[in-house]
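Trainee: I would like to take a close look at a single part of this model, and I would be glad of a careful walk through it.

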Amino acid sequence: MEKLLKIDEVCDLLQVSRSTVYEWTHIDYIPHYKLPNGVRFKGSEIDKWLTKKHHKGRISYGPSNIF
């Protein structure tokens with residue numbers, strides 16, 4: 001069974017504040033589990049969530065030697 005992450009561990013991982021993570025859980029933006037002893041997260045689900053949120057950079061349409 002996978003170890004569940006606590007809120008502070010997710011904050012460190014994502015480099016955001018506790019209030020941001022709590023807001024994300026409140027609006028069901030981030031995958032989480034509400035347990036009697038607090039909110040918990042599965043690392044594998046956070047990884048999948050981040051991969052889904054990944055955006056590729058812009059494509060350069062001009063010559064690459066402009067600058």
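Trainee: Which residues do ring pairs link into a cluster, and what surrounds that part of the chain?

Mentor: Please keep in mind from the start that this is a predicted model. The cluster that you ask about consists of Trp24, Tyr29 and Trp49, which are linked by ring pairs. The count of aromatic pairs comes to three, and one of them can be followed in detail: the ring centres of Trp24 and Trp49 lie 5.7 Å apart with their planes at 55°, and because planes count as stacked under 30 degrees and as edge-to-face over 60, this pair is tilted. The pair of Trp24 and Trp49 also links distant parts of the chain, since Trp24 sits in helix H2 (residues 18-26) while Trp49 sits in helix H3 (residues 43-53), 25 residues apart. As for its surroundings, Trp49 has a relative accessible area of 10%, and because anything under 20% counts as buried, this residue is buried.

To place these helices, it helps to step back to the whole chain, which has three helices and three strands and follows the pattern β-α-α-β-β-α when read along the sequence. The three strands form an open sheet in the order S1-S3-S2, with antiparallel pairing. In that sheet S1 and strand S2 (33-35) stand at the edges with a single partner strand each, so one side of each has no neighbour in the sheet. S2 and S3 run antiparallel and are joined by three bridges, and Lys34 has Val39 in S3 as its bridge partner. Helix H3, the one that carries Trp49, lies across S1, S2 and S3 and runs at about 70° to S3.

The remaining helix, H1 (residues 7-14), has Ile7, Val10, Cys11 and Leu14 as buried residues. Seen down the axis of H1, these buried residues fall within an arc of 105°, so they line one face of the helix. They pack against strand S1 (4-5), H2, strand S3 (38-42) and H3, so the two helices that hold Trp24 and Trp49 are among the partners of H1. After H1 comes Gln15, which has a positive phi, near 60°.

For the chain as a whole, 22% of the 67 residues are buried. Of the contacts between residues at least 6 apart in sequence, 40% join residues at least 24 apart, and the pair of Trp24 and Trp49, 25 residues apart, likewise links distant parts of the chain.

Definitions and conventions: Residues are numbered from 1 along each chain as its sequence is written. This is a predicted model: local features need pLDDT of at least 70, side-chain atom pairs count only at pLDDT 80 or more; totals for chains, interfaces and linings use all residues. Side-chain values use heavy atoms; hydrogens and water are left out. Rings of Phe, Tyr and Trp (its six-membered ring) pair if their centres lie within 6.5 Å; planes under 30 degrees apart count as stacked, over 60 as edge-to-face and the rest as tilted. Helices (H or I, at least four residues) and strands (E, at least two) are DSSP runs, numbered from the N terminus. Buried means under 20% relative accessible area, exposed over 50%, partly exposed in between (1.4 Å probe, protein chains only). The arc is that of the directions from the helix axis to the C-beta atoms. Contact means heavy atoms within 4.5 Å. Two strands pair if DSSP finds at least two bridges between them. Axes are lines fitted to C-alpha atoms, for helices over the stretch in contact, and angles run from 0 to 180 degrees between N-to-C directions.
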